[in-house]
Amino acid sequence: MADKPIPRDACPACGGMALSEIYRLDAIPVQSCVLLDTAAEARGFRTAPLVLCFCDACGFIFNTVFVRELVDYASTTEESQHFSGTFNQFAKDLAAEIASLCRLEGKRTLEIGCGKGEFLKELAEQTGTIGLGVDPGFIPERLAVESGHDIAFQREYFDPATVPFSPDFVVCRHTLEHIPDVKTFMADIARAIGQNEGVGLFFETPDVRRVLDEGAFWDIYYEHCSYFTLGSHARLFRAAGMDVTKLYLAYDGQYIIQYAKAAPGVAPLENERDLDDIRRLAAAFPERVSAIRARWTEFVTKRHAAGKSVAIWGGGSKGVSFLTTNGLNEEVSRVIDINPFKQGKFLPGTGHRVCAPEELRDSPPDIVIVMNRIYLNEIGARLEEMGLTPELVAV
């Protein structure tokens, strides 16, 4: 059957066979950003197992039982973070950095996995690039494009055969982690580029080193079938015949930022040499993540038993993983999110209804757990504006 998990016994990035299991969940929602209309539908949403393995040869981590057919990105999903001032400023700064490093005026940019199109619009405004965004979840009515910006969108999965031009620049933000066969994906990008040597590439991908180090189980969910460090990310590109030119961590160390070009590479950058450290962190991860899961379960259940009202702020993937991984349900009274498209919808797995911050005024929580620490100040300010002073903690 199409949805039967088929364990992979070779690394999808390098073909290595020295794999070790580091994390296993028996059942988690197959999509965490899906918008569901009723609590019953959300509680009955499909689940599947997850088994993360570490490749000793290249440091790549992947879900060996991932089933691509279970995830439908063309369905009603809501992944956008652009309702946050913190995230918007980060995106603007990234576009400004690209503008300072790459001359894109009049050049053609392809964004693979453009989401709702916000970043491509920003990039066009700052650089004058001619842009094409490709994403099955793109919603035309969500993006207002001013006259003078030459950008277009294809609401489909990336296929080099449907890209109508050879790009001068390729952008791919928060998409690579959703790709199971990453080596084939790189070959598809090479086909889209064709013979246009020297094409620039900009990738942004979550960093798994922090997840390993912190035991951050809330950052592991089904849609993320591929997990990278700085080194394994760069090694994938170098194996595909590309040169990595700039590589660093951003957004409070959560995201890998990588620039590359479609040309043979030079010697690896210093921060690519991480394999020994990652081997150590991967070996320690099972014990580490078990302890962190137990700590957060105890934190929530003790306060609930004491009559405290516990809420989480963040109705996206992190929130869904935090709740479903540890089997938390009535122990968490509220899920809050500033994204208006999430509000009034229900989280897969637990059936929690996502509420707007303003709803807290009627029944303020005692404790708010923030699903991403980078938003602590933003959320604290929002609560203060409403005159609320709950205990505020971040995962």
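A disulfide is a pair of cysteine sulfur atoms within 2.5 Å. By that rule this structure has zero disulfides. The model is a predicted one, in which local features need pLDDT of at least 70, side-chain atom pairs count only at pLDDT 80 or more, and totals for chains, interfaces and linings use all residues. Residues are numbered from 1 along each chain as its sequence is written, and side-chain values use heavy atoms, with hydrogens and water left out.

**Stop 1: the cysteines**

Select Cys 53 and Cys 55. Cys 53 is in no disulfide, and the nearest cysteine sulfur, that of Cys 55, is 10.0 Å away. Cys 53 has a relative accessible area of 10% and is buried; buried means under 20% relative accessible area, exposed over 50%, and partly exposed in between, with a 1.4 Å probe and protein chains only.

Go on to Cys 225. Its closest cysteine sulfur is in Cys 11, at 12 Å, too far for a bond. Cys 225 is buried, at 0% relative accessibility.

**Stop 2: the seven-stranded sheet**

Helices (H or I, at least four residues) and strands (E, at least two) are DSSP runs, numbered from the N terminus. Two strands pair if DSSP finds at least two bridges between them.

Select the strands β6, β5, β4, β7, β8, β11 and β10, which in that order form an open sheet of seven strands with mixed pairing. Strands β6 (151-154) and β10 stand at the edges with a single partner strand each, so one side of each has no neighbour in the sheet. From one strand to the next, the twist averages 15°.

At the β6 edge, show β5 (residues 130-134) as well: β5 and β6 pair in the parallel sense over four bridges. Leu 132 stands opposite Ala 152 in β6.

**Stop 3: two helices across the sheet**

Contact here means heavy atoms within 4.5 Å. Axes are lines fitted to C-alpha atoms, for helices over the stretch in contact, and angles run from 0 to 180 degrees between N-to-C directions.

Which strands does α2 lie across? They are β7 (169-173), β8 (200-206), β10 and β11, and α2 runs at about 20° to β11. Helix α3 (residues 118-127) lies across β4 (108-112), β5, β6 and β7, at about 160° to β6.

Now select Ala 96, in helix α2. At 33% relative accessibility, Ala 96 is partly exposed. Measure in the viewer from the C-alpha atom of Ala 96 to that of Leu 123: the separation is 7.9 Å, for residues 27 apart along the chain.

**Stop 4: aromatic rings**

Rings of Phe, Tyr and Trp (its six-membered ring) pair if their centres lie within 6.5 Å; planes under 30 degrees apart count as stacked, over 60 as edge-to-face and the rest as tilted. The count is 19 aromatic pairs.

Select Phe 87 and Tyr 251, an edge-to-face pair with 5.8 Å centre to centre and 90° between the planes. Phe 87 lies in helix α2 (residues 85-101) and Tyr 251 in the loop between β10 (243-250) and β11 (255-261), so the pair ties together parts 164 residues apart in sequence. Phe 87 is buried at 4% relative accessible area, and Tyr 251 is buried at 7%.

Then select Trp 296 and Phe 322, edge-to-face at 5.7 Å centre to centre with 75° between the planes. Trp 296 is in helix α7 (residues 275-305) and Phe 322 in helix α8 (residues 317-325), 26 residues apart. Both residues are buried.

Back at Phe 87, add Phe 90, Tyr 251, Tyr 255 and Tyr 375: ring pairs link these residues into a cluster.

Two charges are next. A charge sits over a ring if NZ of Lys or CZ of Arg is within 6 Å of the ring centre and within 35 degrees of the ring normal. Arg 173 lies over the face of Phe 119, 4.2 Å from the ring centre, and the charged end of Arg 303 sits over the ring of Phe 299, 3.7 Å from its centre.

**Stop 5: helix α8 and strand β12**

Select α8, where nine of nine residues are buried. These residues pack against β1 (19-29), α5 (208-214), α7, β12 (310-313), β13 (334-336) and β15 (367-370). Just after α8, Gly 327 takes a positive phi of about 65°.

Finish on β12. Val 310 and Ile 312 point one way, Ala 311 and Trp 313 the other, and all are buried. Strand β12 runs parallel to β15, joined by four bridges, with Ala 311 opposite Val 368. Three bridges join β12 to β13, also parallel, and there Trp 313 has Ile 336 as its bridge partner.
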